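I opened my notebook today to look up a few things in one structure. Here is what I went through, step by step.

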Amino acid sequence: CSGATSMLMLGFESAMRGGKTQTSCIVWLFPGFVLRTPLLFALGCLLAFGLGFLADVLIFSRRLLMLRASKRGVTWQTETLTFLLFLCNIIVGYLAMLLAMTYNFELFMSTCLGLTTGHFVLNRRQPVGESAEPCCLSSPNSETESAPATTHSLGADSVDRVGQRNRITSVLRDGAKAHLLDAEGAEEVGEGPRERGGAQRCCSTDRTGANGV
């Protein structure tokens, strides 16, 4: 190879292609690490594989940490470690993305193989997420399906209290309605005799008046 570049501008190229045309030497993320020799290029591919694998290791570590926190309780140490692991996860993910964007075929495949191997070894039994980005593989599904154990355990008491409060409110509401219905029925039953008594008094008064006449 000749020169140095961090991105091949004409699309994917392979360092092992035949012909006399020389390709540009790849800069492995940092200016001082240029893959000028076959040994350095092989080292670069190995590091790309390791970078992809590391992304899945961080995902697995975050999941394991949240699982333990759900059983032992969340502390400030756990929150700090979760913050740092997520930060490292994002950094490693974007570094892997930048490495793949060099458009070198060998580096691209090494990164993808590292991600795939890490997923198969550590995360293959986890539910499938919607994202395939190395920086976000753990997000929404992997965290909301393992970490929810923490959310569920922390919020279970609150949910139970709300459910009990709703049941008590419903019972009281039903009791109040039944009491009102009983009161209305009693009033209707009481009004009947009073109306009949009034009618009888009215009739007796009419008869008395007629007799006087």
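**Entry 1: helix H3**

I began with the length of helix H3, residues 105–123. At 1.5 Å a residue, its 19 residues should span 27 Å, and the end C-alpha atoms are 26 Å apart, which agrees. I noted to myself that this is a predicted model.

Next I looked at how H3 starts. Asn104 caps the N-terminal end of the helix, with a side-chain oxygen 3.2 Å from the backbone nitrogen of Glu106.

Which residues of H3 are buried? I wrote down Glu106, Leu107, Ser110, Thr111, Gly114, Leu115, Gly118 and Asn123. I remembered that an α-helix has 3.6 residues a turn, so residues three or four places apart point the same way. Then I checked what the buried residues of H3 pack against: strand S2 (24–27), strand S3 (34–35), helix H1 (38–72) and helix H2 (76–100).

**Entry 2: a look at Ser110**

I picked one residue of helix H3, Ser110, for a closer look. Is Ser110 buried or exposed? Its relative accessible area is 12%, and the cut-off for buried is under 20%, so Ser110 counts as buried. I found its side chain reaching the backbone oxygen of Glu106 at 2.8 Å. Leaving aside residues up to four places away in sequence, I saw that Ser110 touches Cys45, Ala48 and Phe49.

**Entry 3: the sheet**

I turned to the strands and found an open sheet of three, in the order S1-S2-S3, with mixed pairing. Why is one side of S1 and of S3 left without a neighbour in the sheet? Strand S1 (2–5) and S3 stand at the edges and each has a single partner strand, so one side of each stays without a neighbour there.

I then followed S2 and S3, which run antiparallel and are joined by two bridges. For Ile26, I found the bridge partner in S3 to be Leu35.

**Entry 4: the nonpolar core**

I finished with the largest nonpolar core, which has 18 residues. Which of them touch the most other members? They are Trp28, Leu35 and Leu107. The elements giving two or more residues to this core are H1, H2 and H3, and H1 gives the most, with seven residues.

Leu35 was already in my notes as the bridge partner of Ile26, so I listed its contacts too. Not counting residues up to four places away in sequence, Leu35 touches Cys1, Cys25, Ile26, Trp28, Leu40, Phe41, Gly44 and Leu107. Leu107 was also familiar to me, as one of the buried residues of H3.

Key: Residues numbered from 1 in each chain as written. Predicted model: local features only at pLDDT ≥ 70, side-chain atom pairs only at ≥ 80, totals over all residues. Heavy atoms only, no water. Helix = DSSP H or I, 4+ residues; strand = E, 2+ residues; numbered from the N terminus. Expected span 1.5 Å × (residues − 1). Buried < 20%, exposed > 50% of the residue type's maximum accessible area, 1.4 Å probe, protein only. Contact = heavy atoms within 4.5 Å. Polar contact = N/O pair within 3.5 Å; in protein donor to acceptor, adjacent residues only side chain to side chain. Pairing = 2+ DSSP bridges. Core = buried A, V, L, I, M, F, W, Y, C linked by side-chain atoms within 4.5 Å.
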